[in-house]
Amino acid sequence: MSEASRLWVYLAASPLLWLAMTLLAYAIADRLSLAANRNPLVNPVLIAVAVLSAMLWASGTPYAVYFEGAQFVHFLLGPATVALAIPLHRNWPVVRKAIVPIIAALCAGALTAVVSAVGIAWAFGAPYELLATLAPKSVTAAIAMGISEGLGGNPSLTAALVITTGVLGAIMVTPMMNALGLTDYRARGFAAGVASHGIGTARAFQVDPVAGTFAGIALGLNGLITALIVPVLMAWLR
Amino acid sequence: MIEAILILLVCQLAGEALARGLGLPVPGPVLGMALLFTALQVRARLRPDASRVETLPLGAVSAFLLANLSLLFVPAGAGIMSHAATLAEHGAGLIVALVLSTAVTLAVTALVFVKVAGLGRRRDAP
């Protein structure tokens with residue numbers, strides 16, 4: 001065994017390598033996003049995932065081995081979700097005044113997200129199992145996987161669809177809102193959170209703190225309402 | 001700093017315990033956010049002259065986490081590649097469904113928000 005391959009065997013078995021690579025890929029992606037003046041097309045999640053996928057593919061590293069290292073970053077999603085309480089508390093006077101539009105937009109958005117996705121995939125001839133996997137794609141991964149599993153879908157594929165939806169929403173929200181002529185950051189942020197959960201929320205915080213706060217509220221509320229409506233809607237298709 | 005991290009973890013822990021104990025369809029961290037929010041509201045009510053949360057270590061830790069929220073989705077995102085086969089098999093339908101559904105959801109949510117907010121404002125106006 002050569003020195004280089006001995007070193008590789010050591011590194012491949014330690015979480016250090018892929019933890020460092022995750023941060024490196026994100027640091028590169030964030031630099032690019034900043035250099036592009038936070039242009040929505042230069043999405044940091046998309047770039048970092050592409051860079052890491054290339055590294056994993058080139059080194060023949062299985063995802064499970066990668067996750068041994070990356071789990072430390074993944075774990076922080078929980079505390080970060082709790083931390084959304086701080087902007088919510090700070091912006092509470094603004095939020096409280098918008099309770100009625102929040103409830104109306106939540107109901108309309110949650111229904112649209114599920115019905116449009118399932119309807120289009122159904123028109124393309126997707127089987128029931130795939131529809132159940134797709135239905136909760138707009139909510140945060142933990143809730144979406146639970147819904148998918150409960151309906152006989154494939155939770156791990158649901159997680160992939162959730163991330164893809166998040167990236168799509170984060171890329172589309174700014175040009176879409178500009179095209180519609182909507183300048184209300186409460187509405188823009190809320191839409192990002194309903195359509196594309198945490199990744200949309202990350203984008204919203206990049207743009208404006210009020211947008212980020214409303215996205216955070218949308219992410220929490222949409223998770224709750226989608227968990228309630230998806231089983232009812234999917235019962236019709238069974 | 002340690003206390004700030006502890007506050008976040010304890011709220012998440014309490015949220016997980018509540019969600020599992022009561023069998024609620026909400027993830028622990030979302031309940032944890034509700035708990036911390038309630039605590040912050042109560043604190044502001046009881047001690048209106050207390051220093052604002054943003055100036056405390058809890059505010060700094062939260063701002064750091066939220067400023068780098070994108071990073072936290074990268075490990076899960078790297079898992080998409082392991083589903084490349086399924087995604088390719090149902091490619092067209094799935095991709096069209098994801099793109100169109102996300103676009104329509106963004107538009108409907110934002111438009112309903114703005115319309116309903118507008119109705120409220122007109123009612124308030126003299």
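Phe190(A) draws together residues of both chains in this predicted model. Leaving aside residues up to four places away in sequence, Phe190(A) touches Ile102(A), Ala105(A), Phe214(A), Ala215(A) and Ala218(A). From chain B, Thr109(B) and Phe113(B) also touch Phe190(A).

Phe190(A) also belongs to the largest nonpolar core, a set of 115 residues. Phe190(A) is among the members that touch the most others there, together with Ala48(A), Ala117(A), Leu134(A), Ala135(A) and Val74(B). H11(A) supplies the largest share of this core, 14 residues. In soluble globular proteins, nonpolar side chains tend to be buried together.

Next comes the contact between the chains. Chain A brings 90 residues to the contact, and chain B brings 64 residues. Helix H11 of chain A, residues 155–180, gives the most to the side of chain A that touches chain B, with 15 residues. What is the make-up of that side of chain A, by nonpolar, polar and charged residues? The split is 63 nonpolar, 22 polar and 5 charged.

Now the domains. Chain A is divided into domain 1 (3–75) and domain 2 (82–235). Their centres, taken over C-alpha atoms, are separated by 26 Å. Between these two domains of chain A, 6 residues of domain 1 are in contact with 8 residues of domain 2. The domain 1 side of this contact in chain A holds 4 nonpolar residues, 1 polar and 1 charged.

Chain B also has a domain 1 (1–72) and a domain 2 (88–126). In chain B, 29 Å separate the two domain centres, again over C-alpha atoms.

Technical notes
Residues are numbered from 1 along each chain as its sequence is written. Chains are lettered from A and ligands numbered from 1 in the order in which they are written. This is a predicted model: local features need pLDDT of at least 70, side-chain atom pairs count only at pLDDT 80 or more; totals for chains, interfaces and linings use all residues. Two residues are in contact if their C-beta atoms, placed from the backbone, lie within 7 Å. Helices (H or I, at least four residues) and strands (E, at least two) are DSSP runs, numbered from the N terminus. Ala, Val, Leu, Ile, Met, Phe, Trp, Tyr, Cys and Pro count as nonpolar, Asp, Glu, Lys and Arg as charged, and the others, Gly among them, as polar. Domain bounds come from an automatic or database domain assignment. A nonpolar core is a set of buried Ala, Val, Leu, Ile, Met, Phe, Trp, Tyr and Cys residues joined through C-beta atoms within 7 Å. A residue is buried if 20 or more other C-beta atoms lie within 10 Å of its own, exposed if 12 or fewer, and partly exposed in between; C-beta atoms are placed from the backbone.
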